[in-house]
Amino acid sequence: MTSQHEVQSQHGTRPGAWPEQYELTSARLNRLAGALNAASYLEIGVHTGVTFQNVRAARKTAVDPAFMFDVAQHTGDGVTFAEMTSDDFFAGLAPAECYDVIYIDGLHTFEQTYRDLCIAILHSHARSVLLLDDTLPSDVYSSLRDPEECWGFRAAAGVDSSAWHGDVFKVVFAVHDFHLGLDYRTIVGSGNPQTLVWRSSARRGRPVLGSLEEISRMTYFDMVNLAHVLRECDEERAITECLTAIGEP
Ligand SMILES: C[S@@+](CC[C@H](N)C(=O)[O-])C[C@H]1O[C@@H](n2cnc3c(N)ncnc32)[C@H](O)[C@@H]1O
């Protein structure tokens, strides 16, 4: 997520997120959760917990190796804080555990986010929805895997922005080419672009890249040239198509 105010992170002090971005995300998640009558919510990558605390569900699970808030102040019925990496969390999760709404916003690298998505799907059901953050980098700097390089190169170029998305956009290409059992739309035009993913047996298509290795080597400009793969659309259409597809008009 992008931001302005300074926060402490695993990468040292970095610009923090715009509160509006968090509000947009929690409103999006609450709209999905409300339409699905969702009872369970999983968030991978929670940071200061702004989104997590605003999402409404009876059972909520937060996963982050280093929460940036006092979890003891927010512990309550149905709330679980797992202070660990997503890999450790999923390794210890009972196979039958399922979530209605899953928000993936952890480490901003292709491999980690792709692995988070693949495992999260195993803990979803036919009517679950998954929201992936950071799938549309705002510029070439934002798409760099190392946040310090992103901010350093951008500052050197005199460009004023603190956005860092990493190379999470490649996950959308992996879903497109290798997961025909999933459908997705990338929400644009209403702030904080994100990709909404759901299970589907209806999506058909041919791969655009030959291999995962080729996807992993994509640049920001490759992404721009193949932007149709992101299946961008506005929020209203993305949510309507998702809910209709999973049987929740
Ligand atoms: C952009 S912040 C999350 C913001 C939060 N989702 C929100 O909307 O308020 C990314 C978070 O991912 C966490 N993170 C980094 N590596 C992780 C991993 N391997 N597993 C889970 N979370 C991770 C970081 O500690 C950081 O707090």
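**Salt bridges**

Start with the salt bridges: this predicted model has 13 of them. Side chains of opposite charge can pair when their charged atoms come close.

Select Glu-236 and Arg-31 for your opening stop. They form a salt bridge, and the closest N and O atoms are 2.9 Å apart. Now color the helices they sit in: Glu-236 belongs to helix H9 (residues 235-245) and Arg-31 to helix H1 (residues 19-36), so you're looking at a link between distant parts of the chain, 205 residues apart. Turn on the surface and check how open this spot is. Glu-236 is partly exposed, with a relative accessible area of 49%, and Arg-31 is partly exposed too, at 33%.

Stay in helix H9 and pick Arg-237 and Glu-241. Here is another salt bridge, with its closest N and O atoms 2.9 Å apart. Why can these two reach each other? They are four residues apart in helix H9, so about one helical turn separates them. An α-helix has 3.6 residues a turn, so residues three or four places apart point the same way. Both count as partly exposed: Arg-237 has a relative accessibility of 46%, and Glu-241 has 26%.

Don't clear that selection yet. Add Asp-183, Arg-185 and Arg-231 to Arg-237 and Glu-241, and you have a network of linked salt bridges on screen.

One more pair: select Arg-59 and Glu-97. Their side chains meet in a salt bridge at 3.0 Å, N to O. Arg-59 is in strand E4 (residues 59-63), while Glu-97 is in the loop between helix H3 (86-91) and strand E6 (101-104), so this pair also links distant parts of the chain, 38 residues apart. Arg-59 is partly exposed at 31% relative accessibility, and Glu-97 is partly exposed at 27%.

**The ligand**

Now click on the ligand and show the residues around it. How many residues surround the ligand, and which come nearest? There are 18, and the nearest are Gly-45, Thr-51, Asp-64, Ser-86 and Asp-105. Try coloring this shell by class: you should get seven nonpolar, eight polar and three charged residues.

Next, draw some distances. From a nitrogen atom of the ligand, go to a polar side-chain atom of Asp-105, and you'll get 2.7 Å. From an oxygen atom of the ligand to an N or O atom in the side chain of Asp-64, the distance is also 2.7 Å. For a backbone example, an oxygen atom of the ligand is 3.3 Å from a polar backbone atom of His-47. How much of the ligand does the protein bury? Taken alone, the ligand exposes 610 Å², and the protein buries 94% of that.

**Two ligand neighbors up close**

Zoom in on Asp-64. You'll find it in the loop between E4 and strand E5 (79-82). Is Asp-64 buried or exposed? Asp-64 is buried, with a relative accessible area of 11%. Its side chain has another partner to look at: a polar atom there lies 2.9 Å from the backbone nitrogen of Ala-66.

Then hop to His-47, in the loop between strand E3 (40-44) and helix H2 (50-54). His-47 counts as buried at 16% relative accessibility. Check its backbone angles: phi is near 55°, a positive value in a residue other than glycine.

**Another positive phi**

Select Asp-134 for a similar case. Phi is near 70° here, again positive in a residue that isn't glycine. Asp-134 sits in the loop between strand E7 (129-133) and helix H5 (147-156), and it is buried, at 2% relative accessibility.

**Last stops**

Select helix H4, residues 110-122. It has 13 residues and reaches 19 Å from its first C-alpha to its last, close to the 18 Å expected at 1.5 Å a residue. Which residues of H4 are buried? They are Phe-110, Gln-112, Thr-113, Tyr-114, Asp-116, Leu-117, Ala-120 and Ile-121.

Go back to helix H1 and find Ser-26. Ser-26 is buried, at 5% relative accessibility, and its side chain reaches the backbone oxygen of Glu-23 at 3.3 Å.

Finish at Gly-205, in the loop between strand E9 (194-199) and helix H7 (212-216). Gly-205 is partly exposed, with a relative accessible area of 48%. Draw one last line, from the C-alpha of Gly-205 to that of Val-168: these atoms are separated by 22 Å, and the two residues are 37 residues apart along the chain.

Definitions and conventions
Residues are numbered from 1 along each chain as its sequence is written. This is a predicted model: local features need pLDDT of at least 70, side-chain atom pairs count only at pLDDT 80 or more; totals for chains, interfaces and linings use all residues. Side-chain values use heavy atoms; hydrogens and water are left out. A residue is near a molecule or strand if one of its heavy atoms lies within 4 Å of it. A polar contact is a pair of N or O atoms within 3.5 Å; within protein, one must be able to donate a hydrogen and the other to accept it, and residues adjacent in sequence count only if both atoms are side-chain atoms. Accessible areas come from the Shrake-Rupley method with a 1.4 Å probe; for residues, only the protein chains shown count as cover. Ala, Val, Leu, Ile, Met, Phe, Trp, Tyr, Cys and Pro count as nonpolar, Asp, Glu, Lys and Arg as charged, and the others, Gly among them, as polar. Helices (H or I, at least four residues) and strands (E, at least two) are DSSP runs, numbered from the N terminus. The expected span of a helix is 1.5 Å times one less than its number of residues. Buried means under 20% relative accessible area, exposed over 50%, partly exposed in between (1.4 Å probe, protein chains only). A salt bridge is a side-chain nitrogen of Lys or Arg within 4 Å of a carboxyl oxygen of Asp or Glu.
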